[in-house]
Amino acid sequence: MTTPPVARKIPRRIEQLGRVREDEYAWMKDDNWQAVLRDPSLLREDIAAHLRAENAYTAAVLSGTTDLQEKLVAEMKGRMQEVESYPAVPHGPWYYYSRYDRGAQYPVYARHAADAPEREQVLLDVNARATRHEYFAVAAATHSPDHRLFAYAEDTQGSEIYRVRINDITTGAAVGAPIENCSGAFVFAPDSRHLFWIWRDDHGRPARVYRREIGSDADTLVYEEKDAGFFVGVAATRSGQWIIITSGNHDTSESWLIPAATPDAPPACVEPRHEGVMYDLHHWGTDFVVLTNADGAIDFTLKLAPQDAPARANWRELVPHEPGRYITACCTFADWLVWRERHEANCRIVMQTRQGERHVLGSGEAAYDLSLSGGYEYDTTELRYIYQSPTTPRQWFAYDMQTRARRLLKQQDVPSGHNPADYRCWRLMARAPDGQEVPVTVLGRHDTPRDGSAPLLLYGYGSYGHAIEPDFSTRTLSLVDRGWFHAVAHVRGGSEKGWGWFLGGRGRNKVNSFTDFIACAEHLIGQGFGAKGKIVADGRSAGGMVMGAIANMRPDLFAGIVAVVPFVDELNTMSDASLPLTPPEWPEWGNPLEDPAAYDLIESYAAYEQVRPRDYPAILAMGGLTDPRVTYWEPAKWVARLRENTLSSRPVMLRTNMEAGHRGATGRFDSLKDAALIHAFAIWAIETA
């Protein structure tokens, strides 16, 4: 099928805040969409037929890349260990870990006794659970503190509606009935007799915390969030002394405490929510360490609060605020406080004793990532962390904070071979229209010419304060080894340069994310890393918003644009309060249902609303039928409107995964097919431009 589908047009007039818009493709949203999330077979047939036709058209246009896609999958698979295991993490008399068997799509969760590493005990074989389902994902899997039970949350549609199962480790038998309609988040109480879990409402929002007495099927409501814009979470402190319930959106939070000794006690609020104030608690001895932006600490600070009176009035300074030094995470041990901080798009790990003595882990590479890898034990001096960079495969370390001795636990092996010396990573700064310096991370081979002749893939995200870390990717190497440069534009809306960098790309400042991306493309061209019309742009989810905007603003820069589960129907989505993420995201984008200025701003950049007759580049949009975050109709509507308006001969394509949601295929090998399709499209787009 080389003739593109022509979507029928059914004009729908929408009046809102004295403004009028028309949406001729609104029919693509199934009125029964919530049921479709649970059972994709319920999708209205005319919509299903249209999506199948789009899939057939995309396959036909890219049919010449079929062999290339298979070759790319083989290359990517060749860089993966068929048999893989990850460092075992100690917890009392046991070590817990996950591993992959040869040819397995999914992991096996297992443990061994500290004194008998040769005797493995399997806790969960995800492969066995997944065999009966087209889609299968595990959101969380963990053991109880007393090591008797193992619980996991499974999703069989891609809709992120999870079922939690609890098993007896010794017998393998189920303990009680499964917990239904969970968000995927749960935690064992430190007494191992109760499990706290998060319930999703009919709109897909995490809205309640329940407590289940393990062995019974009775669930007791512990906390209910009445504000549709706030999502709830639950965790146990590393010390084992407290259970913490959290509620928040993207700029305001609130925490509630339950003593672990009395898990059936009602939760007590630490500090009532104040708009714009976020705080996160970490128990430390007789205090809580509070990670917060209170009192104007834009890039966050650490404070101490007594556990018996943890309200904000009693917070005292522990680590002062330094603008430009963004504290991203915190972790407590019996005698140590550890935090991760970011400056100019790179991170370091800082450790401090109770006496205030401090030392730092960092790196001299131009771009790299240091991340805390967690652990179960509180009274220990051992810290686990991971180091990687665009040229350096992942390395897992155990670090003794007292002696400062470092032990390499595992290094990512690339079976087909990888020599970091063959590659180079650059950290550039592109000047945005308002003068801000935007970080850009570039990976290429040493022998790739920097004269504009090499093709370039430029990735961007820029939302929610989520930073795109300079990680190692075996998949990226398939392009780089073909003479491409791969770049990441760390645009505003992320937090690569601190929380202020995020604030500079949200709400009324959102356009900065788009102009930053364009500035990065132009800077790379000026530095010889690409050429106008020889760039493929790539963005996913909220990064798809950037893709939609730059397609409208500067289509001439790009040979192709990839938009995966793209947020491109911003005005309609933010005007539909029934959708799972709409109320929680009004602080991020604005509320076009109540605020005329927010309506006008969103309309001014919304990808779908701003499609006009233009010479658009080749576009590949990818969606998931059961995606609760970016619903399938967003890319479908966008593609239909683009195809109607494009003045170029370049194809506009849509590929919808009819058996998956926001994260696409879940198997470690099946997911390679999506990556190969994107790479093949990029190569095809450059070769046919």
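**From Met658 to the whole chain**

Setting aside residues within four places in sequence, Met658 makes contact with Pro40, Leu43, Ala48, Leu51, Asn55 and Leu625. The model in which these contacts appear is a predicted one, and Met658 itself is found there in the loop that runs between strand β38 (652-657) and helix α13 (670-688). Tyr632 stands 26 residues from Met658 along the chain, and the C-alpha atoms of the two are 9.5 Å apart.

From this one loop we can step back to the chain as a whole, which contains 13 helices and 38 strands. Its radius of gyration is 25 Å, close to the 26 Å that the globule rule gives for 689 residues, so the chain is as compact as a globular protein of that length. Measured out along the principal axes, the C-alpha trace spans about 65 × 55 × 50 Å. Of the 689 residues, 60% are buried, and among the contacts that join residues at least 6 apart in sequence, 56% link residues at least 24 apart.

The surface and the charges can be taken together. About 26,200 Å² of the chain is exposed, and carbon and sulfur atoms supply 48% of that area. The side chains include 73 that are positive and 90 that are negative, and the centres of these two sets lie 2 Å apart.

Two domains are assigned in the chain, domain 1 covering residues 324-412 and domain 2 covering residues 422-688. Their centres, taken over C-alpha atoms, are separated by 31 Å, while 19 residues of domain 1 are in contact with 19 residues of domain 2.

Thr391 is a useful residue at which to pause next. It lies in the loop between strands β28 (382-388) and β29 (395-400), and because its relative accessibility is 7%, under the 20% cut-off, Thr391 counts as buried. Apart from neighbours within four places in sequence, Thr391 is in contact with Glu365, His418, Pro420, Tyr423, Arg424, Cys425, Leu443 and Phe472. One of these partners, Leu443, also serves as a reference point for Ile14, since the C-alpha atoms of Ile14 and Leu443, which are 429 residues apart along the chain, are separated by 46 Å.

Ile14 brings us to strand β1, in which this residue lies. With a relative accessible area of 18%, Ile14 is buried, because the value falls under the 20% cut-off. Its contacts, once neighbours within four places in sequence are left aside, are with Arg19, Val20, Arg21, Asp23 and Asn572.

The loop between β1 (13-16) and β2 (19-22) holds Leu17, a residue whose phi is positive, at about 55°, although it is not a glycine. Leu17 has a relative accessible area of 31% and is therefore partly exposed. A second non-glycine residue with a positive phi, in this case near 60°, is Asp295, which is placed in the loop between β20 (287-292) and β21 (301-306). At 60% relative accessibility Asp295 counts as exposed, because this value is over the 50% cut-off.

Leu17 also leads to a distant part of the sequence, for Pro596 touches Leu17 and Arg19 when residues up to four places away in sequence are not counted. Pro596 belongs to helix α11 (residues 596-605), and its relative accessibility of 36% makes it partly exposed. The C-alpha atom of Pro596 is 9.0 Å from that of Gln16, although 580 residues separate the two along the chain.

The last stop is Gly507, which is found in the loop between helices α6 (499-503) and α7 (511-526). Its relative accessibility is 11%, so Gly507 counts as buried. Gly507 touches Glu588, Trp589 and Leu601, again without counting residues up to four places away in sequence. From Gly507 to Ala598 the C-alpha separation is 8.1 Å, whereas the two residues are 91 apart in sequence.

Technical notes
Residues are numbered from 1 along each chain as its sequence is written. This is a predicted model: local features need pLDDT of at least 70, side-chain atom pairs count only at pLDDT 80 or more; totals for chains, interfaces and linings use all residues. Side-chain values use heavy atoms; hydrogens and water are left out. Helices (H or I, at least four residues) and strands (E, at least two) are DSSP runs, numbered from the N terminus. The radius of gyration is taken over C-alpha atoms; the globule rule is 2.2 Å times the number of residues to the power 0.38. Buried means under 20% relative accessible area, exposed over 50%, partly exposed in between (1.4 Å probe, protein chains only). Contact means heavy atoms within 4.5 Å. Accessible areas come from the Shrake-Rupley method with a 1.4 Å probe; for residues, only the protein chains shown count as cover. Lys and Arg count as positive and Asp and Glu as negative; His and the chain ends are not counted. The place of a charge is taken as NZ of Lys, CZ of Arg, CG of Asp or CD of Glu. Domain bounds come from an automatic or database domain assignment.
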